[in-house]
Each structure stands twice: as C-alpha cells, then as structure tokens.
Amino acid sequence: MKNNLLKIISLLGLVMLAVSCSDDESFQPSFYECSLPFTDSSQLHGSVTEYQVLLDKITGSGVPGIMMAVQTDAEGLWLGTSGKADLKSDISLQSCNMTRVGSTVKTFTADGTITRPTAG
Amino acid sequence: VKVAVSNEATAILYTKLFTTPVHPCMQVGTEYQYKTGPHFEFYQTANLGYIYHNHLYQGLYLNTGIGYDYKFNFGLKLKGLFELGYLHTFTTQDEYQFKEGEFVNGMDQGNARLMTMLSVGAGYLLKKNKPTSPEIFLLYKSWIEYPYSRGFIPMMSHINLEIGCKFYLFGNHEK
C-alpha cells in the first residue's frame, strides 16, 4: 500500500510539472517594427534636446526602457523614447511600440480626478 | 514520512480553492509526535519542498511547525497546522543586471523569503486500527511570503491545495 501511495503521489507530481511548463513568450524583431500611418515631427519640437536628455538620464540610472509624450498648444506633440524594448534581442524602444502602463495609470487617474472637477 | 503534491496560486487567502494554470509544489517531510490520545495527535513537522511557478520563479523551502489532528473512530482526521519556514527563489525568466551603464545577462543569488503558513484539512487512516496506519490527506494551505518586492509590495499571499500521504518507513514498527 505504501508503495502504491508513493507511486500515485509521484505520478501526480510529474503530471502537474509537465502541464505547468511552457516556453517563454518571445517576439521576432518584426514585432517591434512601426507600421502606424503617422508622421512624427518630434525632431522639430523646440524642447527635443531637453526631453531626450531627461529620458536618457533615467535609462542611464537602470530603467530598461521609457517612452514619453508631451503635448502643448504652443509647440505641439513630442514623442520620445530611450532604452530597449527587448533586452534579449537588443532592440531599441520606439515611440510606436506598446508598453505596459502598470501602476503609472494610478498617477493619471489621480490627476484626472483632481483636475476634472476643477475644470468644471 | 509525508509525501505531498500541491497546486500553488498567488491569491488572497481563502478566496480560491484551485486555480489554473497549475503551479506545482512537491514536498517531503516528517513528523514527531509530542502527545497522542485516542482522539488527537499533537506533533512537530519538518518539511522540504520545491515550488515551480512558470514564468515567475522556482524555489526551495524548508519549514517546520506544529500540528494538531482530531481523530474520529472511523478513521477520519481533522487537521490544523501552523508552520514557519525559509524559501529561496530564483527567477525562471532571463535575468539581466545593470552594470556600467548596460544590461548584461546573468543570474543572481536568488531571493530569500520567510514563509508563514496556516493549513487546515482532513486526513483518512487507511488501516484505522493500526498505530502505523498509512494516511492520505488533503490540506488547504494559506501562506504569506515576506519580503516580496522591497519598496513596492511588502508581502504576497499564496494558497496551496495539497494532497499527500503519510506512512511509516518501517511498517511493523509500533510506537
């Protein structure tokens, strides 16, 4: 009986291990190519150097990749990135790439909650 | 000797029973009985386990604790355990470290955790009249991993649904 119990438990453990293993998700370089019908005029923006230095400073401190968008009435839209979209494949981050916002969205939610009532 | 397998889930305690995808754990352990009576057992546990969470981590743990079983005449046992232990985890993903301005691929020394576990469940004595009866058991284990992510998420709660068996290595031994 002891041996049978051991066999059953061991077999169950092996089956659970087998079904729980899967390959990590990996992306081909083509996944990161930009195909949006959008003309980026960020390089003509008045603060391009200032913003880019800021992003490079952040990635220089150990953040793998960061993107930022700044929209003002006077200077229009600036989109910029620094760092990598994929460390394994050594692919640089572009402003068209998708990133997870994670807890960053909390900041935007708080900002909106405060400013919208103020704006009426 | 106890041998058990379980399915781990990162979940709020007592909100889930069994989740998918399966994150298997395997555990071997032993017990030392402090006191026994016709309807109870009070004992110390010592366990060694392995936990595998696909895409996140794998880890080894050692824990020990106390357990109390209430025994019914027909072989059923109600079980409660409180255990403390050490868990050491390693990521299952590619790992990068920031060195001299760039990321380089490489493993670190893993992460040290404390685990605090409260388990409740039931067991069944397969030969209820023998003091060395084999036992099968089912436990719902709720546990806290600390620290989890320093400066961000201090601790993480987990649950395991565990099935296992307990037997004496030397079947004819009478305690």
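**Notebook: barrel strands and cysteines**

I started in chain B, where Ser6(B) has Cys25(B) of S2(B) as its bridge partner. Strands and helices here are DSSP runs numbered from the N terminus, with at least two residues (E) for a strand and at least four (H or I) for a helix. Two strands pair if DSSP finds at least two bridges between them.

A note to self on the ground rules: this is a predicted model, in which local features need pLDDT of at least 70, side-chain atom pairs count only at pLDDT 80 or more, and totals for chains, interfaces and linings use all residues. Residues are numbered from 1 along each chain as its sequence is written, chains are lettered from A and ligands numbered from 1 in the order in which they are written, and side-chain values use heavy atoms, leaving out hydrogens and water.

**The barrel**

I then followed S1(B) to its partners. S1(B) and S2(B) are antiparallel, with six bridges, and S1(B) also runs antiparallel to S10(B), joined by nine bridges. In that second pairing, Ala9(B) stands opposite Ile159(B). I looked up S9 (135-146) and S10 (156-166) of chain B too, and they pair antiparallel over eleven bridges; Leu139(B) faces Glu162(B) of S10(B) there. The whole circuit is a closed barrel of eight strands, S1-S2-S3-S4-S5-S8-S9-S10 in chain B, with antiparallel pairing.

Is S1(B) mostly covered or mostly open? Eight of its nine residues are buried, where buried means under 20% relative accessible area, exposed over 50%, and partly exposed in between (1.4 Å probe, protein chains only). From chain A, H1(A) lies across S1, S2, S3, S9 and S10 of chain B, at about 25° to S1(B). For that angle, axes are lines fitted to C-alpha atoms, for helices over the stretch in contact (heavy atoms within 4.5 Å), and angles run from 0 to 180 degrees between N-to-C directions.

**The cysteines**

How many disulfides does the structure hold? I found one over all chains, a disulfide being a pair of cysteine sulfur atoms within 2.5 Å. Cys34(A) is joined to Cys96(A), S to S 1.7 Å. The two are 62 residues apart, Cys34(A) in the loop between H1 and H2 of chain A and Cys96(A) in the loop between S3 and H3 of chain A. The disulfide is left-handed because its S-S torsion is about -70°. Cys34(A) is partly exposed at 43%, and Cys96(A) is partly exposed at 24%.

Why is Cys21(A) unbonded to Cys25(B)? Their sulfurs are 13 Å apart, too far for a bond. Cys165(B) is buried at 1%, and its sulfur is 16 Å from the closest cysteine sulfur, in Cys25(B), also too far.
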